[in-house]
Amino acid sequence: MSVKGKYYITTAIAYTSGKPHIGNSYEIVLADSIARFRRKDGYDVFFQTGTDEHGQKIELKAQEMGVTPKEYVDNVTGTIRKLWNLMDTSYDNFVRTTDEVHEKQVQKMFKRFYDQGDIYKGAYEGMYCTPCESFWTEGQLVEGKCPDCGRDVRPAKEEAYFFKMSKYADRLIEHINTHPEFIQPVSRKNEMMNNFLLPGLQDLCVSRTSFKWGIPVDFDDSHVVYVWLDALANYITGIGYDCDGNSSEQYKKLWPADLHLIGKDIIRFHTIYWPIFLMALGEPLPRQIFGHPWLLQGDGKMSKSKGNVLYADDLVDFFGVDAVRYFVLHEMPFENDGVISWELMVERLNSDLANTLGNLVNRTISMSNKYFGGVVCDKGVTDTMDEDLKAVAAGAYDKVCGKMEELRVADAITEIFTLFKRCNKYIDETEPWVLARDEAGKDRLSTVLYNLVESIVIGASLLEPYMPSTAARIAEQLNTALREFGDLRGFGGYPSGNKVTEKPEILFARLDMKEVVEKADALFAARRAEAEKEAEAAVPDEEVIDLEPKAEIVYDDFARLQFQVGEIIACEEVPKSKKLLCSRVRIGSQVKQIVSGIKQYYSAEEMVGKKVMVLVNLKPATLAGVVSEGMLLCAEDGDGNLALLTPEKPMPAGAEIS
């Protein structure tokens, strides 16, 4: 078979903060199915995946574990590779961002950007999300939390280098407008254009100084390269890119990538930042970036604390590798999120895999053995009902290929199972058991079984990219080889007179729904217990304080106290006092003057701008000659150290505390 051309496909590299759940594993299986399909379709495929191993989150996790960051990522990367191998993925290269060749090229890229004037030094102040390694302005937050992951953010300010995104924005907009296939699905393209590019790009922070676990900026060693610039570069460093112009032959052959396959949550980094970095390097842009939807758990969000996180190896223990591959590929819509649950897995295995496919193969082989000693011959005794089966079988490749061209993998699998369902219908139509009763019907029966075997071989050959082990087992039982796609447009390729296996193997055994759910519940219960144990162990062995209890109060006593959020707009030291600060506190439309004995713990300067909790209706008192009109609430430890109580989330001045 002649080679149609090269095809370079990548996944997003997995972040080594922990073991990937089934939603993360979905992406590698999806990419593998596309890579396998392209190989069978005659392309010279190179499939790259890997791990993203730098960043503050990794540094903090390593500290928690009492190991070095490198030891930590080595362990997690080992776990990820085991999972990818367990799921029977056929990647050609596994890149790590701690690889020496990658780190050197990233340093060269950073220096080149700086020398070109694309990068400048400044300072960043904003709200920082550690899990996402991202800064946000107050206006970008959603209900006070990170707009990407929904988790807490914290104020942060640090010196940083910035990339001039706006320098390349118009060029990127033009590229997107003239290459409609560049960002898929179209909804992702519209989101990037309308929410980010058209309103105007802000310069991007591309270095950090608040942690050390990253690639050092070689001309300013107080900085490490921002994790996204580091991670995105893997797509070219992993295939031999050299920033000095000495790139490998492999790079020249493979780049630009034909497909970057990523989750929809990181579409901005891949469709805006990465193309702009490539433009600055003078390299071609990838041909297509596909932001796939998420695989969600049917009974709520996966959470380690809930003990309900689903991992690929868990599901494999229950259902087997190919059943899990089938489920995650078939149940994921093209554009919208998919749902996974134990009940749905059992239902799909029993109906699609055990019944539609497994029973079809088993019945066909069993009838071939029962009526003809396993020998399958085309006797040429046809009927009009054969034509439709042959048309469906011979036309399946083109239909599947059409869906795969659009990356509609779930629809492609549906087309294959349409053929298997047509085979089952053909059995009902031809009634082989009736033909077997009359010696005159033997040649017709032989032809019917041949048509079934031939159709199953075509279906199994198409199924191979998605369920490689199952396809191979089917071919083995039919005593034939799986066919290349170029041989699937006709009908009649199975050698007449060939003999199938004597004892058909059950491909998928039906499962009992109740037993599976009970087993899953037990698994999650054990996980919850383990999570609780870990949470208890994580509580630091700190001093606690027990106070002498005061007399009980009723709600009316509490209701007389008025607590509100206040914003300190000015603060100064009280003259001739070693302890007192006098704050001007805005509460709603009023401003109150409050004197507090916290000078030892806070300077007047750092008090300004703080949101604090205030007892508003305290009777005014005079302290060191200064009137105080309320009280700031503080916590006090056993040594008398004080800390102001502040609201956890952004709250307006005057908000009631109840």
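A residue counts as buried when its relative accessible area is under 20%. N350 has a relative accessible area of 10%, so N350 is buried. This is a predicted model. It holds 2 cavities of 30 Å³ or more. The points below cover N350, the cavities and some backbone features.

**N350**
- N350 sits in helix α13.
- Leaving aside residues up to four places away in sequence, N350 touches N355, A509, R510 and L511.

**The largest cavity**
- The largest cavity encloses about 40 Å³ of space.
- Its lining is made of I34, F37, R38, D41, M404, E405 and L407.
- Two elements, α1 (22-40) and α14 (384-405), give two or more residues to this lining.
- Helix α1 has the largest share, with 3 residues.
- The lining of the largest cavity has 4 nonpolar and 3 charged residues, and no polar ones.

**The second largest cavity**
- The second largest cavity has a volume of about 30 Å³.
- Its lining consists of F319, A323, Y326, F327, M345, R348, L349 and L353.
- At least two lining residues come from each of α12 (321-330) and α13 (342-372).
- Helix α13 gives the most to the lining of the second largest cavity, namely 4 residues.
- Helix α13 is also where N350 lies.
- By class, this lining has 7 nonpolar residues, 1 charged residue and no polar ones.

**Cis peptide bonds**
- Most peptide bonds are trans.
- The bond between Q184 and P185 is cis, with omega about -10°.
- P185 lies in the loop between β8 (183-184) and α6 (186-197).
- A cis bond also runs from W255 to P256, with omega near 10°.
- P256 lies in the loop between α9 (249-254) and β12 (259-263).

**Positive phi outside glycine**
- Most residues other than glycine have a negative phi.
- L407 is not a glycine, yet its phi is positive, at about 60°.
- L407 lies in the loop between α14 and α15 (409-430).
- L407 has 9% relative accessibility, so it counts as buried.
- L407 is also one of the residues that line the largest cavity.
- N479, likewise a residue other than glycine, has a positive phi near 55°.
- N479 lies in the loop between α18 (468-477) and β17 (498-499).
- N479 is partly exposed, because its relative accessible area is 43%.

Key: Residues are numbered from 1 along each chain as its sequence is written. This is a predicted model: local features need pLDDT of at least 70, side-chain atom pairs count only at pLDDT 80 or more; totals for chains, interfaces and linings use all residues. Side-chain values use heavy atoms; hydrogens and water are left out. On a 1 Å grid over the protein atoms alone, a cavity is a set of points where a 1.4 Å probe fits but cannot get out, and a pocket is an open set with protein on both sides within 12 Å along at least five of seven lines; lining residues have an atom within 4 Å of a point. Grid points are joined across faces, edges and corners, and a volume is the space filled by probe spheres set on the points. Ala, Val, Leu, Ile, Met, Phe, Trp, Tyr, Cys and Pro count as nonpolar, Asp, Glu, Lys and Arg as charged, and the others, Gly among them, as polar. Buried means under 20% relative accessible area, exposed over 50%, partly exposed in between (1.4 Å probe, protein chains only). Contact means heavy atoms within 4.5 Å.
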